[in-house]
Amino acid sequence: AASAAMTAATFLIGDVTAGPFVALWSLVIVDTITRWMAIGAATLREHNLNRSIWTGIYLAAIDRKINNVSMFGRFQTKALAYLILLIGFNLLDHVIPDRVMGQSIDGMPNAFISTWLAIVELQSIVENLIEMGMTSLSPVGAWLCRKRDKMTGEGQLPPIQSPGPTKDKP
């Protein structure tokens, strides 16, 4: 049964032991931890305390700002969305030809979605750290936003090409 599950997962998602897959889920875990830290820092500011971040996380848990239901729900939603994207792009990689117009695109859909999701996670981690008070990371957050937008072409219009000089015809 375990072998069948691993075979199905490998077909749907790709190699689940590969570095990009493991790195992506590591980033998701780090993002969750930095989210708790940002909530803890905000809680310390609300209580006008100058204590460790762990005290802030503890107070946030007491204040029910960090609880199993809300955090698990957010993590579950993110994990499901990421799995759907990974499965979709992996299946797309199986469906499209390996060569398009003479160029090899083997593995490109998987590489694209893994890279894009990693950039989104890194951006979220940096935003959480900025929220904690590490404002010197603002340029890094802006850089990651530009990279993400450049990958998807968001906010960019293709250049309009002039047809060139035209001759008036009678």
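Of the 170 residues in the chain, 29% come out as buried. The model is a predicted one, and its secondary structure adds up to 6 helices and 2 strands. Reading from the N terminus, the order of elements is α-α-α-α-β-β-α-α. As for how the chain connects to itself, among contacts with a separation of 6 or more, 56% link residues 24 or more positions apart.

Helix α5 (residues 108-132) is a good place to start on the packing. It sits against helix α2 (residues 19-46) with the two axes 8 Å apart and an angle of about 20° between them. Angles under 35 degrees count as roughly parallel, and α2 and α5 are therefore roughly parallel to each other. The handedness of this crossing is left-handed. On the α2 side, the residues involved are P20, L24, L27, V28, V30, D31, T34, R35, M37, A38, A41 and R45. Facing them from α5 are S114, L117, A118, E121, L122, S124, I125, N128, L129, E131 and M132. Sorted by class, this contact of α2 with α5 holds 14 nonpolar, 4 polar and 5 charged residues.

Helix α5 also packs on helix α4 (residues 68-95), where the axes come within 7 Å and cross at roughly 160°. With the cut-off for roughly antiparallel set at over 145 degrees, α4 and α5 are therefore roughly antiparallel to each other. From α4, the contact draws on K78, Y82, L85, L86, F89, N90, L92 and D93. The α5 partners are M108, P109, N110, F112, I113, S114, L117, V120 and E121. Here the class split for α4 with α5 is 11 nonpolar, 3 polar and 3 charged.

Now for the nonpolar cores. In soluble globular proteins, nonpolar side chains tend to be buried together. In this model, the largest nonpolar core has 14 residues, and the members that touch the most others are M37, I39, I53, I66 and M132. Helices α2, α3 (53-62) and α5 are the elements that each give two or more residues to this core, and α2 supplies the largest share, with 5 residues. A second core, separate from that one, has 9 residues, including F21, L24, L86 and L117.

Back in the largest core, M132 deserves a line of its own. Leaving aside residues up to four places away in sequence, M132 touches M37, A38, A41, R45 and I53. Of these, M37, A38, A41 and R45 also appear on the α2 side of the α2 and α5 contact.

Definitions and conventions: Residues are numbered from 1 along each chain as its sequence is written. This is a predicted model: local features need pLDDT of at least 70, side-chain atom pairs count only at pLDDT 80 or more; totals for chains, interfaces and linings use all residues. Side-chain values use heavy atoms; hydrogens and water are left out. Axes are lines fitted to C-alpha atoms, for helices over the stretch in contact, and angles run from 0 to 180 degrees between N-to-C directions. Helices (H or I, at least four residues) and strands (E, at least two) are DSSP runs, numbered from the N terminus. Angles under 35 degrees count as roughly parallel, over 145 as roughly antiparallel, 65 to 115 as roughly perpendicular and the rest as oblique. A crossing is left-handed if the near helix is turned anticlockwise from the far one by less than a right angle, and right-handed if clockwise. Contact means heavy atoms within 4.5 Å. Ala, Val, Leu, Ile, Met, Phe, Trp, Tyr, Cys and Pro count as nonpolar, Asp, Glu, Lys and Arg as charged, and the others, Gly among them, as polar. A nonpolar core is a set of buried Ala, Val, Leu, Ile, Met, Phe, Trp, Tyr and Cys residues joined through side-chain atoms within 4.5 Å. Buried means under 20% relative accessible area, exposed over 50%, partly exposed in between (1.4 Å probe, protein chains only).
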